Structures are given as structure tokens and as C-alpha cells.
Amino acid sequence: MYEQFLNLGEGYTEEGLLLLYAANLGGFFEALEHSNARSLRGKLIAAAHKRAAVGECAYPGCEKDPIRRSHVISKGLALNSIVEDLNLLTPDLSEFGNPRIREINRKSASTFPGYCTSHEAVFGDFEKAGVLNNATDFKLQLMRSAAREEWWVARTHAYLLDLRSILSGEIDTAPLDKGHWRETVLRPLDGLCSSLAIRRERLSSVHRDAANAASDGGSLPPWMHAVSTEEHIPIALSGSTSLIHPESYTLVFVSFPQAGGRLTLFASSRDDGELVKAYAEKYVTDPQLASGLLTSWMTGTDHWFVRPSWWSAQSEVWRTSLLSELGNL
Ligand SMILES: [Zn+2]
């Protein structure tokens with residue numbers, strides 16, 4: 001029952017802490033009086049609903065209302081080329097411990113509340129052209145992908161802080177061993193919250209730097225990379241990951257079919273330029289590694305969309321192991 005409140009959905013979980021947390025929280029529910037457990041469930045459901053609330057425009061510093069369905073990966077640019085009967089397949093992590101694949105209409109695929117009308121308008125040029133082909137287009141796409149990642153982590157972070165405050169209130173008032181429950185219920189949550197706060201901060205830097213680079217014009221800076229390849233697997237994805245080599249940094253990536261091949265873009269924040277350059281040299285110059293990269297990103301984000309018949313044509317072993325790895329994010 002409590003697991004549904006803990007599912008971070010759409011990809012971001014820290015399995016170890018989360019499992020520990022779910023188990024401890026389960027024990028906490030059992031320790032409470034029946035009526036208190038019921039009221040706690042009600043509060044947690046309300047927090048989960050609040051989590052879905054829409055905030056402000058994603059553009060750094062803009063406070064206008066966002067349009068509700070901004071595409072991270074453009075429909076016209078990439079999704080239309082891989083739909084079947086207007087549909088795509090995407091991972092579904094809404095059930096804790098049971099990652100699945102579900103059908104999604106191209107209108108809802110790859111959307112988030114995004115930018116306000118005027119900030120959304122900057123994508124008009126490449127959307128009309130139907131292709132991303134210059135440094136400004138690449139920067140704008142990376143900005144958009146970073147915005148979605150930042151939004152997602154910020155939303156999850158706010159949700160967990162809400163959970164913490166509800167649970168902390170419960171522990172303070174219930175006639176229980178407070179020290180024990182603070183240690184088992186609140187401490188793991190504090191761990192999750194602080195790692196999300198760091199991730200949020202880093203994504204915010206990637207997003208802000210991409211927005212500044214996009215408005216500056218000029219060629220791609222060394223912390224942004226664009227790679228075109230011949231391969232045309234019908235997959236579109238956008239996400240972020242934390243890499244540790246040789247130091248820890250955050251990478252935002254986006255990859256989709258374009259003009260009969262594939263366009264892959266990735267960026268870190270400006271401060272991590274050297275790290276992302278080393279990453280690019282290692283992976284992108286080797287075609288073998290580059291093709292493995294797509295699969296590895298598919299297990300690093302659940303923000304991906306595939307052509308249904310392509311997915312069905314893959315081996316069941318591969319599909320199952322991919323989804324289970326994704327569920328363990
Ligand atoms: Zn705006």
C-alpha cells in the first residue's frame with residue numbers, strides 16, 4: 001500500500017535507499033494505531049496529488065505560466081518518424097518493482113509543463129524546418145532537455161520534502177519510540193532528499209549554461225557535443241545521468257532519428273567541460289561504444305519512446321532485462 005507513495009515514477013529512484021525506506025515505512029504503518037495509519041495514508045495521497053501541480057515557466061528567472069504540454073523531443077522533428085497508428089511505446093514505472101512498457105499517443109509523448117508561450121516560441125524555427133542543423137538548434141534542444149530533467153528532479157525533491165514533513169509530524173505526535181522512528185523513517189528520506197538537492201542544483205547549472213549559450217549565438221562550446229550517425233533505430237530519448245570519471249558530474253543527453261540517421265546531443269555544465277570532453281572522446285569516436293551508448297542511456301532514463309513493432313521484434317530476454325535494469329535506477 002505505502003509503496004505507491006514512494007514510487008518516484010518516470011525514472012528517478014535510488015533503489016537501495018528506497019527499498020530500505022519502503023520497508024521501514026511499512027513497519028511504521030504497522031506500529032501506528034489503525035485510525036492514525038488511515039489518516040497518514042490520506043495525507044500521503046494528498047501530497048502525491050500536490051506533486052502533480054504545475055509550476056512556473058522553466059526558463060531561468062521567468063515567472064510566467066508554462067504551456068502545459070511542451071514537447072521535450074519535438075513531434076514533428078522526431079516522434080512522427082517513429083509512430084505507428086499515431087502511437088509509441090514508453091516505459092511505465094508507476095508500479096513499484098514492476099517496470100512495464102505502455103502505449104502512448106504522440107501528442108502526450110515526451111511532454112512536460114515546460115516554458116511559457118514566449119520562451120516556447122524560440123523552438124519554432126527548427127520545428128518548422130523539421131531538422132536541427134546548426135549550433136543554435138543544438139543548444140536550444142539541450143536547454144529544453146535540461147529543463148525537463150531539472151523540472152522532474154525539482155518536483156520529486158519537493159514531494160519528498162513534503163513526505164518528510166508529514167512523517168516527521170506523525171512521529172512527533174504518535175505515542176511511539178521517536179528516536180527509533182526518526183532513525184529508520186526520517187534518516188533514509190534525508191539521504192534521498194540531499195542527493196536530489198545536489199542533482200537538482202547540477203541540472204539547474206546545465207540548464208542555465210545551455211540557456212546562456214543559446215542566447216549568445218556562435219559555435220558549440222566544448223561542454224556541448226553533437227554527433228550524427230547513420231544508424232536509424234526508431235528510438236527517441238532524453239534524460240540525464242551522473243557520471244564519475246574521474247570526478248562526479250552531470251550529463252544531459254538527447255538522441256533521436258533525424259534525416260535518415262540519428263542525432264545525439266549531450267552537455268554538462270560549463271564548469272565540467274573537461275570531463276564531458278573526455279567522455280565524448282572515449283565514446284563518440286568509437287562506433288562500437290557509441291551504439292552501446294544508446295542502450296545504456298535507455299537504462300538510465302525512462303524518458304524514451306520507441307516504434308511499437310521495433311520493440312516487439314527485439315528478443316524477450318533483452319526487453320525484460322532492459323526494463324528490469326530501468327526499474328532499478
Ligand atoms: Zn518564460
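Me: Which residues touch the most other members of the largest nonpolar core?

Reply: This is a predicted model, in which local features need pLDDT of at least 70 and side-chain atom pairs count only at pLDDT 80 or more, while totals for chains, interfaces and linings use all residues. Residues are numbered from 1 along each chain as its sequence is written. A nonpolar core is a set of buried Ala, Val, Leu, Ile, Met, Phe, Trp, Tyr and Cys residues joined through C-beta atoms within 7 Å; a residue is buried if 20 or more other C-beta atoms, placed from the backbone, lie within 10 Å of its own, exposed if 12 or fewer, and partly exposed in between. The largest core has 69 residues, and those touching the most other members are Leu142, Ala210, Ala236 and Ala267.

Me: Which helix gives the largest share of this core?

Reply: Helices (H or I, at least four residues) and strands (E, at least two) are DSSP runs, numbered from the N terminus. The largest share amounts to 13 residues, and these come from residues 135-173, that is, helix H6.

Me: Where does this core lie with respect to domain 1 and domain 2?

Reply: The domain bounds come from an automatic or database domain assignment. Domain 1 (3-53 + 150-205) and domain 2 (75-110 + 218-327) both give residues to the core, so its place is between them.

Me: Which residues are in contact with Leu142, leaving aside its neighbours within four places in sequence?

Reply: Two residues are in contact if their C-beta atoms, placed from the backbone, lie within 7 Å. With those sequence neighbours set aside, the contacts of Leu142 are Ala210, Met224, Val252, Val254, Leu265 and Ala267.

Me: How many bridges join strand E7 to strand E8?

Reply: Two strands pair if DSSP finds at least two bridges between them. Strand E7 (248-258) and strand E8 (261-267) are separated by a loop that holds Ala259. One bridge links Phe256 to Leu263 in E8. The two strands run antiparallel, and the number of bridges joining them is seven.

Me: Is Ala259 buried, exposed or partly exposed?

Reply: Ala259 belongs to the hairpin of E7 and E8, which has two residues between the strands, and takes a positive phi near 50 degrees there. Most residues other than glycine have a negative phi. Ala259 has 14 C-beta neighbours inside 10 Å, and therefore counts as partly exposed.

Me: How many bridges join strand E6 to E7?

Reply: A hairpin joins E6 to E7 through three residues. Ile244 stands opposite Ser248 in E7. Strand E6 (residues 235-244) runs antiparallel to E7, and the number of bridges is eight.

Me: Why do the buried residues of H11 lie on the same side of the helix?

Reply: Helix H11 (residues 316-327) has twelve residues and reaches 16 Å from its first C-alpha to its last. Its buried residues are Leu323, Leu326 and Gly327. They lie on the same side of H11 because the arc they cover around the axis, taken from the directions from the helix axis to the C-beta atoms, is only 100 degrees.

Me: Which exposed residues are carried by the face of H11 turned away from its buried side?

Reply: What covers the buried residues of H11 includes strand E2 (87-92) and strand E3 (100-105). The face turned away from that buried side carries the exposed residues Val317, Trp318 and Ser321.

Terms used. The expected span of a helix is 1.5 Å times one less than its number of residues.
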